[in-house]
Amino acid sequence: MKKFKGDTNMKKRLTEAQEFDIMKLVLDKFLWLGFAIMGFGLYNMFTKEPQDGLVWLVTGAVLLVIFVIIIVREYEVIK
């Protein structure tokens with residue numbers, strides 16, 4: 001591949017808005033996954049042992065907390 005004079009870095013740079021849109025798409029999947037796991041836990045609480053469902057509910061909640069931590073660290077959300 002030919003390099004042009006003065007072209008040291010051929011990688012494209014994303015704007016802040018483009019980076020935020022991509023991050024929203026990725027983190028949206030965590031959100032859906034967290035709520036699906038919590039829904040599955042609620043279903044298990046009603047149909048099976050409450051302890052089994054509670055484990056799934058806590059797992060979904062932990063995933064959602066991780067989601068919040070990633071957003072706060074990445075985008076420095078200010079109150």
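Is W56 buried, partly exposed or exposed? W56 is partly exposed, at a relative accessible area of 36%. That residue is a good way into this structure, which is a predicted model.

## The chain as a whole

Let us start with the broad picture. The protein chain holds two helices and zero strands. It has 79 residues, and 15% of them count as buried. The accessible surface comes to about 7100 Å², with carbon and sulfur atoms supplying 68% of that area.

How do the contacts spread along the sequence? Take the contacts between residues at least 6 apart in sequence: 51% of these join residues at least 24 apart.

## Helix 1

Helix 1 covers residues 16–47. Its 32 residues reach 46 Å from the first C-alpha to the last, close to the 46 Å expected at 1.5 Å a residue.

Which residues of helix 1 are buried? They are M23, L27, G34, I37, G41 and N44. Other positions in this helix have more nuanced labels. F30 belongs to helix 1, and its relative accessibility of 31% makes F30 partly exposed. L42 is also in helix 1; its relative accessible area of 41% puts L42 in the partly exposed class.

## The aromatic pair

The model contains one aromatic pair. The ring centres of F40 and W56 are 5.0 Å apart and the ring planes meet at 85°, so this pair is edge-to-face. The angle decides the label, because planes over 60 degrees apart count as edge-to-face.

Where do the two partners sit along the chain? F40 is part of helix 1 and W56 is part of helix 2 (residues 50–75), so the pair ties together parts that lie 16 residues apart in sequence. F40 is partly exposed, with 39% relative accessibility, and W56, at 36%, is partly exposed too.

Another residue of helix 1 can be placed relative to W56. L42 and W56 are 14 residues apart along the chain, and their C-alpha atoms are separated by 7.9 Å.

## N44 and G53

N44, in helix 1, is a buried residue with a relative accessible area of just 3%. Since buried means under 20% relative accessible area, N44 falls within that class. Which residues does N44 touch, leaving aside neighbours within four places in sequence? The partners are E49, G53 and W56, so W56 appears both here and in the aromatic pair. Between N44 and L57, 13 residues apart in sequence, the C-alpha to C-alpha distance is 9.5 Å.

G53 gives the view from the other side, as a residue of helix 2. It is buried, at 0% relative accessibility. Leaving aside its neighbours within four places in sequence, G53 is in contact with G41, N44 and M45. Of these partners, G41 and N44 are among the buried residues of helix 1. I37, another buried residue in helix 1, is 16 residues from G53 in sequence and 9.8 Å from it in space, C-alpha to C-alpha.

## Further along helix 2

V65 is another member of helix 2. With 48% relative accessibility, V65 counts as partly exposed. What separates V65 from G34 in space? Their C-alpha atoms are 9.3 Å apart, while the two residues are 31 residues apart along the chain. On the helix 1 side, G34 is buried.

## A nonpolar patch on the surface

One more feature deserves a look on the outside of the model. L14, I22, V26 and F30 make a nonpolar surface patch of about 340 Å². F30 has already appeared above as a partly exposed residue, at 31%, and its place is in helix 1.

Conventions
Residues are numbered from 1 along each chain as its sequence is written. This is a predicted model: local features need pLDDT of at least 70, side-chain atom pairs count only at pLDDT 80 or more; totals for chains, interfaces and linings use all residues. Side-chain values use heavy atoms; hydrogens and water are left out. Helices (H or I, at least four residues) and strands (E, at least two) are DSSP runs, numbered from the N terminus. Buried means under 20% relative accessible area, exposed over 50%, partly exposed in between (1.4 Å probe, protein chains only). Contact means heavy atoms within 4.5 Å. Accessible areas come from the Shrake-Rupley method with a 1.4 Å probe; for residues, only the protein chains shown count as cover. Rings of Phe, Tyr and Trp (its six-membered ring) pair if their centres lie within 6.5 Å; planes under 30 degrees apart count as stacked, over 60 as edge-to-face and the rest as tilted. Patches are made of residues with over 30% relative accessible area and no salt bridge: like charges are joined within 9 Å, nonpolar side chains (Val, Leu, Ile, Met, Phe, Trp, Tyr) within 5 Å. A salt bridge is a side-chain nitrogen of Lys or Arg within 4 Å of a carboxyl oxygen of Asp or Glu. The expected span of a helix is 1.5 Å times one less than its number of residues.
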